[in-house]
Every structure is written in structure tokens, then in C-alpha cells.
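Here's a walk through one protein model, from a few backbone oddities to the charged pairs. Have the 3D view open as you read.

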Amino acid sequence: MENKVIVTAQNKNNLTDAIENYMEKESIDYQFVDINSIQIEKDITDIIYIGNISELEELDINNNISIISINKSKSVIENSNNIINYIITDLLDDNNNYTEAQKEYLFQNGIYRVFIQQIDTLLKNSNNYNGIIYDITKIKKNTDNWIFSFDSISDTYHWLSKKNRNLKEDFTQKVISFYSEKVYNDSLNEINYLSEKLLNIKRGQNIIDIFILTEEEYKKYKENFFFKVLTKNISETHKIYLIRKEEFIKNDLELYNKLLDGVIIYDDCVYRDTYSDEISLGVVDCKKETVEEYNKAFDYILDKYGYRLNSESDINEF
């Protein structure tokens, strides 16, 4: 039987955001309910209860419903007919103001990853746990490098798609692309990504695309559906620049290597392509100083090497 879950807490914070992120990623049917207005429907299979366990004891809960109690201290319910398991964590007090990209990092690494793994285990409960207590208060909160990767190419495109759908109107997205047959192959992932990028272009989102290429790669680009559509949609808000790879390598080899295999600069992170990775296409760096560093590099190569395409007809002039 599939899970249908109620998540209930006094208020939302990073902990509840982590749970909701997990639910949506796993396509679990759930609803977030305020503790003070909880109503338990007949088809509910699980309750994730965040907060004071004494209030949980007062609820009239069908015996067929499993409960995950999340609290800051060790406290159990005695003589219950429900299956109740427990997670003890000080993340209930985590009200830090993270960027969206930093949240993604925290949900995939360190303490939040461990926390979600326990939620996943207890929702599935293939070992029929009842009364088990996970105490994760002493696990180190790993926020050392703020870099995360993806489990698959599909996950990579899903993340990029989500970022594209949530660009701020006053933000200029900066993109550096290198040719790779792994990416520019007119695949369904590529076409879906292009469709969402076109929606942003049509609504006037500021986007600057830089393509770093050789003459041979340029010929391949001109046959690629993705590239041809982008050049048809050049405008004052969507600008395309070309850079000769040989000249760039000759004058700025160190910077060239830093930008391989491509970069997308967002307001809160930098996505870097890694075409040599067989599992995913890239990694995300959430450090503020990295965003600043890549913005400077982008502006530098645009000013020094960039050839602007003012219209589709300029393609043959390069």
C-alpha cells in the first residue's frame, strides 16, 4: 500500500522544508498540517509529528496509522497500540536563512541527508520497527565546501529545470557553453530544457549565452536544433556571444581550464558542467565567493573575446 502522510508541526522551518523536499522528490502523497488544526482522514497511513510528544499523546489516532515522532529530547509514549518510532534532533531549532541552493546542499549532505535517510527508513519500515529511537543530535553538520552533485543525468536536468523556472525577473543569467556530443545531441532532456529556457526568453528574462568553440565545433552547432532555436530568439534581453577557443587557450589557459566544461551563474550558486562524469552532468557550488569569482571571469572573457550575434544572419559572419 502506498503511503499517504500527514506532516504536522507548530510552524515551518528548514527541517519541515527538508521533509517536504523529500516527499516531492519521492512523489509521496502528503499534506502539511498545522498542529493546532490537525484532522486525520481515514486513508492516512502515516503521521510525521514534529514537536512536544505530550500533545501527540492527546490525539485520537487510528491504530492502523504509523507515527514518526520528531523531538529535541528523548521521550516515548508508553502502551500505545500504534507503531511509533522516534527521531531525536536539534534541527527543530534550525531557523538559519539559507539560500535555495544552500538548502539543496544541506538536504543532500551531512545532517539533513542523515535525517531524511531515517525518515525514508521509517516510512517504508520494511523491518517492522516499533519503538526504535534514532538520536542524531551529535552528528556533525557538514557545511565545509557547499558543493553538491547529482545521482543521474536526469536529476541534473531536473535541477536545472527547476532553477530556470524560478529565475528572478531582475536577474541576468550568465551561461558559458562548450560543445559536447553528450549534451548537444537533440535528446529529450535537452529539448525539455530548451523549452523552459525559451519561455524565459519570451517573457523577457535577461540571459547572456557565451559559446566557446573551434571552427569544427561551430559547424556542428549550426546543425544542432538547440543552438538554432536560440539564435532565432536573439533579442535585447537574450544575447549570444561566440568566443574562438584557440585564442582563448593561447592567452588565458588557466581561466579556460577553470571554465571547462561549461558554467551557469545563478544569483545564489554556480553550476559547473563535468562532462567526464558518467553519472551526472555537473556539480553545484553554493559559496558566495564562488558566485562573485565566476561573475568576474564571465565579464572578463565577454569583454576581451566575445563576438556578439545581433541576429540569426550573423552566424555566417563569424
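## A look around the model

At 32% relative accessibility, Glu 55 counts as partly exposed. This glutamate sits in helix H2, residues 53–57. Glu 55 is also one of the members of a negative surface patch, along with Glu 57, Glu 58 and Glu 78. Keep in mind that this is a predicted model.

**The overall picture**

Now zoom out. The protein has eleven helices and 14 strands, and its C-alpha trace spans about 80 × 35 × 35 Å along the principal axes. Of its 318 residues, 52% count as buried. The exposed surface comes to about 16,400 Å², with carbon and sulfur atoms supplying 43% of it. If you take the contacts in the protein with a separation of 6 or more, residues 24 or more positions apart account for 70% of them.

On the charge side, there are 37 positive and 56 negative side chains. The centres of those two sets lie 5 Å apart.

**Charged pairs**

Side chains of opposite charge can pair when their charged atoms come close. How many salt bridges does the structure hold? The count is 17, and three of the pairs are set out here.

| Pair | Closest N to O distance |
|---|---|
| Asp 93 and Lys 72 | 3.5 Å |
| Arg 165 and Glu 196 | 3.4 Å |
| Asp 299 and Lys 174 | 3.0 Å |

Start with the salt bridge between the side chains of Asp 93 and Lys 72. Asp 93 lies in the loop between strand E5 (84–88) and helix H3 (100–108), and Lys 72 in the loop between strand E4 (66–71) and E5, so the pair ties together parts that are 21 residues apart in sequence. Both ends are partly exposed: Asp 93 has a relative accessible area of 48%, and Lys 72 has one of 44%.

The next salt bridge joins Arg 165 to Glu 196. Here two helices are involved: Arg 165 is in H5 (residues 153–165) and Glu 196 is in H6 (residues 188–202), so this pair ties together parts that are 31 residues apart in sequence.

Then there's the salt bridge of Asp 299 with Lys 174. This one links distant parts of the chain, with Asp 299 in helix H11 (residues 288–305) and Lys 174 in strand E8 (residues 172–178), 125 residues apart. Are the two partners buried or exposed? Asp 299 is partly exposed, at a relative accessible area of 39%, whereas Lys 174 is buried, at 12%. Elsewhere, salt bridges that share partners join Arg 272, Asp 285 and Lys 287 into one network.

**Helix H3 and its cover**

H3 is mostly covered, with eight of its nine residues buried. Among those buried are Ala 101, Tyr 105, Leu 106 and Phe 107, and charged residues show up too, including Lys 103 and Glu 104. What covers the buried residues of this helix? The cover includes helix H1 (14–25), helix H4 (110–124), strand E7 (147–149) and H5. H3 is followed by Gly 110, which has a positive phi, near 60°.

**Backbone oddities**

Which two residues does a cis peptide bond join? They are Leu 260 and Asp 261, and omega is about -5°. Leu 260 lies in the loop between helix H10 (253–259) and strand E11 (262–265), and Asp 261 is found in that loop between H10 and E11 as well. Leu 260 is partly exposed, with a relative accessible area of 29%. Leaving aside residues up to four places away in sequence, Leu 260 touches Phe 178 and Asp 273. From Leu 260 to Leu 302 it's 42 residues in sequence and 16 Å in space, C-alpha to C-alpha.

Two residues other than glycine have a positive phi worth a glance. Asn 128, with phi of about 55°, lies in the loop between H4 and strand E6 (133–135). Asn 128 counts as exposed, at 67% relative accessibility. Trp 146 has a phi near 55° and is placed in the loop between E6 and E7. At 15% relative accessibility, Trp 146 counts as buried.

Methods: Residues numbered from 1 in each chain as written. Heavy atoms only, no water. Helix = DSSP H or I, 4+ residues; strand = E, 2+ residues; numbered from the N terminus. Buried < 20%, exposed > 50% of the residue type's maximum accessible area, 1.4 Å probe, protein only. Contact = heavy atoms within 4.5 Å. Salt bridge = Lys/Arg side-chain N within 4 Å of Asp/Glu carboxyl O. Patch = residues over 30% accessible without salt bridge, like charges linked within 9 Å, V, L, I, M, F, W, Y side chains within 5 Å. Areas by Shrake-Rupley, 256 points an atom, 1.4 Å probe, with all protein chains shown as cover. Lys, Arg positive; Asp, Glu negative; His and termini not counted. Charge placed at Lys NZ, Arg CZ, Asp CG, Glu CD.
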